[in-house]
Amino acid sequence: MKLIIATPSPFARKARVALLEKKIDFEEIVDVPWNQNTLTKGINPLGKIPVLIQDNHEPLFDSKLIVQYLDCYKPHPLMYPENPEENISARLIETVADGVCDAIVLVFLENARKEMLRSKDWIKRQERKIFEGVKYLSYHLKGKNYFVGSSFNIADICGYSCLEYIDLRFPKFEWRSDFPNLEKYWIFHKDRQSLKKTKPIAQIIEPLED
Ligand SMILES: N[C@@H](CCC(=O)N[C@@H](CS)C(=O)NCC(=O)O)C(=O)O
């Protein structure tokens with residue numbers, strides 16, 4: 001299997017961590033999807049990573065769909081819990097954590113525009129989503145080591161990745177001091193191999209057009 005990724009991407013990280021947790025062999029192909037010559041051209045009409053590529057298979061894109069596919073391809077360990085209540089709870093955490101990451105991307109891109117073109121209101125709107133989203137994660141985590149159930153699953157992949165994406169792209173948000181339960185959680189998981197191997201790394205992107 002081949003996976004097209006970007007090194008900072010929390011969405012690509014979901015697929016990378018799931019592949020590592022399931023011990024599936026794969027090759028990572030690093031792209032910068034924001035650049036003109038992105039490898040996603042002709043593969044994903046939306047121009048986004050991650051994309052999973054296999055011989056004699058249609059390319060798969062969107063992190064949720066890829067992880068769901070991997071759960072069918074190799075069910076153990078399951079990333080989306082089997083128990084219906086836990087499944088919904090895990091998907092809610094995924095939705096909020098992914099939404100926080102989407103908002104961080106939008107702030108990052110807005111700040112990459114020329115200063116005169118930036119909208120402070122738009123940035124504020126996204127920042128509210130980031131703060132409220134993390135508050136939601138903290139509230140639902142409580143004092144536990146896993147967001148949902150008693151083992152590592154999609155909720156942890158997304159919750160944990162979201163926190164480290166904040167460190168990379170939105171460091172002014174000191175979530176560790178605002179939400180000590182999230183810091184304790186981060187410390188509990190930080191040496192997990194699949195997370196250590198996929199720590200986000202910034203990329204340089206081409207200047208955006210006006
Ligand atoms: N819903 C998608 C989001 C993926 C996404 O936003 N990827 C970003 C990188 S973090 C991307 O490729 N953006 C390029 C673009 O939008 O042109 C998923 O979960 O896979």
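**A tour of the cavity and the ligand site**

By class, two nonpolar, three polar and three charged residues make up the lining of the largest cavity. The model on screen is predicted, and the tour begins at this cavity.

Select Leu141, Lys142, Gly143, Lys144, Asn145, Asn181, Lys184 and Tyr185 to show the residues that line the largest cavity. Then colour helix 7, residues 180–189. Helix 7 is the element that gives the most to this lining, with three residues. The volume of the largest cavity is about 30 Å³. Counting cavities of 30 Å³ or more gives one.

Next, select the ligand, which sits in the largest pocket. To display its surroundings, add Ser9, Phe11, Pro33, Trp34, Gly47, Lys48, Ile49, Pro50, Asp62 and Ser63. This shell around the ligand contains five nonpolar, three polar and two charged residues.

Three distances can now be drawn from the ligand:

- Serine 63: go to its side chain, where a polar atom lies 2.6 Å from an oxygen atom of the ligand.
- Isoleucine 49: switch on the backbone, since the atom to pick is a polar backbone atom, 2.9 Å from an oxygen atom of the ligand.
- Aspartate 62: show the side chain, which places a polar atom 3.0 Å from a nitrogen atom of the ligand.

To finish, put a surface on the ligand. On its own, the ligand has 510 Å² of accessible area, and the protein covers 81% of that.

Methods
Residues are numbered from 1 along each chain as its sequence is written. This is a predicted model: local features need pLDDT of at least 70, side-chain atom pairs count only at pLDDT 80 or more; totals for chains, interfaces and linings use all residues. Side-chain values use heavy atoms; hydrogens and water are left out. A residue is near a molecule or strand if one of its heavy atoms lies within 4 Å of it. A polar contact is a pair of N or O atoms within 3.5 Å; within protein, one must be able to donate a hydrogen and the other to accept it, and residues adjacent in sequence count only if both atoms are side-chain atoms. Accessible areas come from the Shrake-Rupley method with a 1.4 Å probe; for residues, only the protein chains shown count as cover. On a 1 Å grid over the protein atoms alone, a cavity is a set of points where a 1.4 Å probe fits but cannot get out, and a pocket is an open set with protein on both sides within 12 Å along at least five of seven lines; lining residues have an atom within 4 Å of a point. A molecule sits in a cavity or pocket if more than half of its atoms lie within 2 Å of its grid points. Ala, Val, Leu, Ile, Met, Phe, Trp, Tyr, Cys and Pro count as nonpolar, Asp, Glu, Lys and Arg as charged, and the others, Gly among them, as polar. Grid points are joined across faces, edges and corners, and a volume is the space filled by probe spheres set on the points. Helices (H or I, at least four residues) and strands (E, at least two) are DSSP runs, numbered from the N terminus.
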